[in-house]
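Please consider the following protein, beginning with its fold and ending with its cysteines.

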Amino acid sequence: MRIEDHWQDVGIFFVGFYVNIKENERKLIKKTLVFEHGIADCEVKKIIKDKFQGVCEVLYVDVIEESALKMI
């Protein structure tokens with residue numbers, strides 16, 4: 001049995017982005033997100049803009065650490 005059969009390498013990111021609430025009003029959202037290992041910061045920004053509603057600006061994408069995720 002190989003470790004790759006039960007674990008997936010991932011990157012843990014801390015991100016901050018603004019979402020539009022109302023006209024001329026926006027809110028800062030901070031999240032910790034997990035993505036596949038080796039994903040580029042620009043791809044994380046694109047995913048945030050595509051998957052979260054009303055994102056007007058991604059402020060930062062910081063890699064906290066790389067880890068392993070147990071697959072069930």
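From the N terminus on, the elements of this predicted model follow the order β-β-α-β. The secondary structure thus comprises one helix and three strands. The radius of gyration of the protein is 15 Å, whereas the globule rule gives 11 Å for 72 residues; the protein is therefore more spread out than a compact globule. Along the principal axes, the C-alpha atoms fill a box of roughly 55 × 20 × 15 Å.

Within the chain, contacts may be sorted by separation in sequence. Among the contacts with a separation of 6 or more, 63% join residues that are 24 or more positions apart. As regards burial, 24% of the 72 residues of the protein count as buried. The accessible surface comes to about 5,500 Å², and carbon and sulfur atoms contribute 49% of this area. The protein also carries charged side chains, 11 positive and 13 negative, and the centres of these two sets lie 7 Å apart.

The cysteines remain to be described. How many disulfides does the structure hold? The structure holds zero disulfides. Cys42 takes part in no disulfide, and the nearest cysteine sulfur, that of Cys56, is 20 Å away. A disulfide requires a pair of cysteine sulfur atoms within 2.5 Å. Cys56 is likewise in no disulfide, the nearest cysteine sulfur being that of Cys42. As for their surroundings, Cys42 is exposed, with a relative accessible area of 57%, while Cys56 is partly exposed, with a relative accessible area of 34%.

Notes:
Residues are numbered from 1 along each chain as its sequence is written. This is a predicted model: local features need pLDDT of at least 70, side-chain atom pairs count only at pLDDT 80 or more; totals for chains, interfaces and linings use all residues. Side-chain values use heavy atoms; hydrogens and water are left out. Buried means under 20% relative accessible area, exposed over 50%, partly exposed in between (1.4 Å probe, protein chains only). Helices (H or I, at least four residues) and strands (E, at least two) are DSSP runs, numbered from the N terminus. The radius of gyration is taken over C-alpha atoms; the globule rule is 2.2 Å times the number of residues to the power 0.38. Contact means heavy atoms within 4.5 Å. Accessible areas come from the Shrake-Rupley method with a 1.4 Å probe; for residues, only the protein chains shown count as cover. Lys and Arg count as positive and Asp and Glu as negative; His and the chain ends are not counted. The place of a charge is taken as NZ of Lys, CZ of Arg, CG of Asp or CD of Glu.
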